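I opened this entry to keep track of what I looked up in the structure. The notes follow the order in which I checked things.

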Amino acid sequence: MLLLLDYRRDRVALSIHMAGCLFDATADLLRANPNPADLFERFIGWTARL
């Protein structure tokens, strides 16, 4: 996994990477937290505020 600093100048690549992380983690996270909006915010939503 690349460090966040590797994406400091490329928000699109960061968002794609985090979307991949979201995809990989969705099944596990939905068992713990069944609200998909929370998952979006946790993995992707924050990238727009950087």
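I started with the bend in α1. The model is a predicted one, and in it α1 bends by about 60 degrees at T26. The helix itself covers residues 11–32.

Next I looked up the secondary structure as a whole. I found two helices and zero strands in the protein chain. The second helix, α2, runs over 36–43.

I then asked which residues of α1 are buried. I noted L14, M18, C21, L22 and L29 as buried in this helix.

Which residues form the largest nonpolar core? I listed nine: Y7, L14, M18, C21, L22, L29, L39, F43 and I44. Both α1 and α2 supply at least two residues each to this core. The largest share comes from α1, with five residues.

I picked L29 for a closer look. L29 sits in helix α1. Is L29 buried or exposed? I entered L29 as buried because its relative accessibility is 15%, and the cut-off for buried is under 20%.

What does L29 touch, once its neighbours within four places in sequence are left aside? I found L39, R42 and F43 in contact with L29. Of these contacts, I also checked a backbone distance for L39: the C-alpha atoms of L29 and L39 are 7.6 Å apart. Along the chain, L29 and L39 are ten residues apart. Both L29 and L39 are on my list for the largest nonpolar core, and so is F43.

After that I went to G45. I placed G45 in the segment after α2. G45 has a relative accessible area of 12%, so I entered G45 as buried. I also looked up G45 against M18: the two are 27 residues apart in sequence, and their C-alpha atoms are 9.8 Å apart in space. M18 is one of the buried residues of α1 and belongs to the largest nonpolar core.

Last, I took the totals for the protein chain. How many residues does the chain have, and what share of them is buried? I wrote down 50 residues, with buried residues making up 22%. The chain exposes about 4000 Å². Carbon and sulfur atoms supply 64% of that exposed area.

How values were computed: Residues numbered from 1 in each chain as written. Predicted model: local features only at pLDDT ≥ 70, side-chain atom pairs only at ≥ 80, totals over all residues. Heavy atoms only, no water. Core = buried A, V, L, I, M, F, W, Y, C linked by side-chain atoms within 4.5 Å. Buried < 20%, exposed > 50% of the residue type's maximum accessible area, 1.4 Å probe, protein only. Helix = DSSP H or I, 4+ residues; strand = E, 2+ residues; numbered from the N terminus. Contact = heavy atoms within 4.5 Å. Bend = angle between axes of the 7 residues up to and from the residue. Areas by Shrake-Rupley, 256 points an atom, 1.4 Å probe, with all protein chains shown as cover.
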